[in-house]
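Reader: Please pick out one part of this model and take me through it closely. Keep the sentences short and give the cut-offs as you go.

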Amino acid sequence: MKKRKAAFICVHNSCRSQIAEAFGRHLAADVFESYSAGTETKPQINQEAEGQYSKLIDEIPAPDTAISMGCNVSCPFIGRPFDDNWGLDDPTGKSDEEFRRVIEEIRKNILALKEKLQ
């Protein structure tokens with residue numbers, strides 16, 4: 001059976017979506033392939049997501065499941081509806097405590113998505 005492809009999308013693909021991709025690869029690789037992308041690239045991603053680079057939506061395979069990380073103004077258009085919106089605020093520039101809270105929320109969401117897609 002072919003694995004589903006899950007895409008984690010935000011506008012810049014520089015923080016939350018990168019973290020979700022990493023957690024997906026680490027915690028749910030047996031259930032789905034994880035990708036992250038944005039509708040605009042940023043020259044430098046958040047240092048907490050080191051080892052990754054900013055990708056556009058058309059640079060990843062077409063997803064079976066598309067998750068919006070949370071759009072404070074408007075969600076990017078990706079050519080199809082999102083399956084879910086996690087509603088997470090971007091922690092960039094905020095306290096370490098806020099960063100840890102968002103990271104933990106992403107981890108929990110990845111585990112719930114894994115359970116749902118099994």
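Author: What follows is a close look at the sheet, then at what packs around it.

This is a predicted model: local features need pLDDT of at least 70, side-chain atom pairs count only at pLDDT 80 or more, and totals for chains, interfaces and linings use all residues. Numbering starts from 1 along each chain as its sequence is written, and side-chain values use heavy atoms, with hydrogens and water left out.

Begin with the layout. The chain has 2 helices and 4 strands. Here helices (H or I, at least four residues) and strands (E, at least two) are DSSP runs, numbered from the N terminus. Read from the N terminus, the order of elements is β-α-β-β-β-α.

Now the sheet. The 4 strands make an open sheet in the order 2-1-3-4, with parallel pairing. Strand 2 (32–37) and strand 4 (84–85) are at the edges, and each has a single partner strand, so one side of each lacks a neighbour in the sheet. Two strands pair if DSSP finds at least two bridges between them.

Take the pairs in turn. Strand 1 and strand 2 run parallel and are joined by 6 bridges. Across that pair, Ala7 is opposite Tyr35 in strand 2. Strand 1 also runs parallel to strand 3, with 4 bridges between them. There, Ile9 is opposite Ser68 in strand 3. Strand 3 (residues 65–68) pairs with strand 4 in the parallel sense over 2 bridges. Ile67 has Asp84 of strand 4 as its bridge partner, and Ser68 stands opposite Asn85 in strand 4.

Helix 1 packs on this sheet, where it touches strand 1 and strand 2; its direction makes about 165° with that of strand 2. Helix 2 lies across strand 1, strand 2 and strand 3, and runs at about 150° to strand 1. Axes are lines fitted to C-alpha atoms, for helices over the stretch in contact, and angles run from 0 to 180 degrees between N-to-C directions.

Next, burial. Buried means under 20% relative accessible area, exposed over 50%, and partly exposed in between (1.4 Å probe, protein chains only). Of the 118 residues of the chain, 44% are buried. In strand 2, 5 of the 6 residues are buried, so the strand is largely enclosed by the rest of the structure. Strand 3 sends Thr65 and Ile67 one way and Ala66 and Ser68 the other, and all are buried.

What fills the space around the strands? The largest nonpolar core has 20 residues, of which Phe8, Phe32, Met69, Trp86, Ile106, Ile110 and Leu113 touch the most other members. Strand 1 (4–9), helix 1 (16–27) and helix 2 (96–117) each supply at least two residues of this core. Helix 2 gives the most, with 6 residues. A second, separate core has 7 residues, including Ala7, Ile9, Ala66 and Ile78. A nonpolar core is a set of buried Ala, Val, Leu, Ile, Met, Phe, Trp, Tyr and Cys residues joined through side-chain atoms within 4.5 Å. In soluble globular proteins, nonpolar side chains tend to be buried together.

Look at Trp86. With neighbours within four places in sequence set aside, Trp86 is in contact with Phe8, Ala20, Ile67, Ser68, Met69, Ile106, Asn109, Ile110 and Leu113. Contact means heavy atoms within 4.5 Å.

Two loops deserve a stop. Asn13 sits in the loop between strand 1 and helix 1. Asn13 counts as buried, because its relative accessibility is 0%. Its phi is positive, about 50°, although Asn13 is not a glycine. The Asn13 side chain makes a polar contact with the side chain of Ser17 (2.8 Å). The same side chain reaches the backbone nitrogen of Lys55 at 2.7 Å. A polar contact is a pair of N or O atoms within 3.5 Å; within protein, one must be able to donate a hydrogen and the other to accept it, and residues adjacent in sequence count only if both atoms are side-chain atoms.

Pro61 is in the loop between strand 2 and strand 3. Its relative accessible area is 31%, so Pro61 is partly exposed. Leaving aside neighbours within four places in sequence, Pro61 is in contact with Lys5 and Tyr35. Pro61 and Lys5 are 56 residues apart in sequence, but 7.7 Å apart in space, C-alpha to C-alpha.
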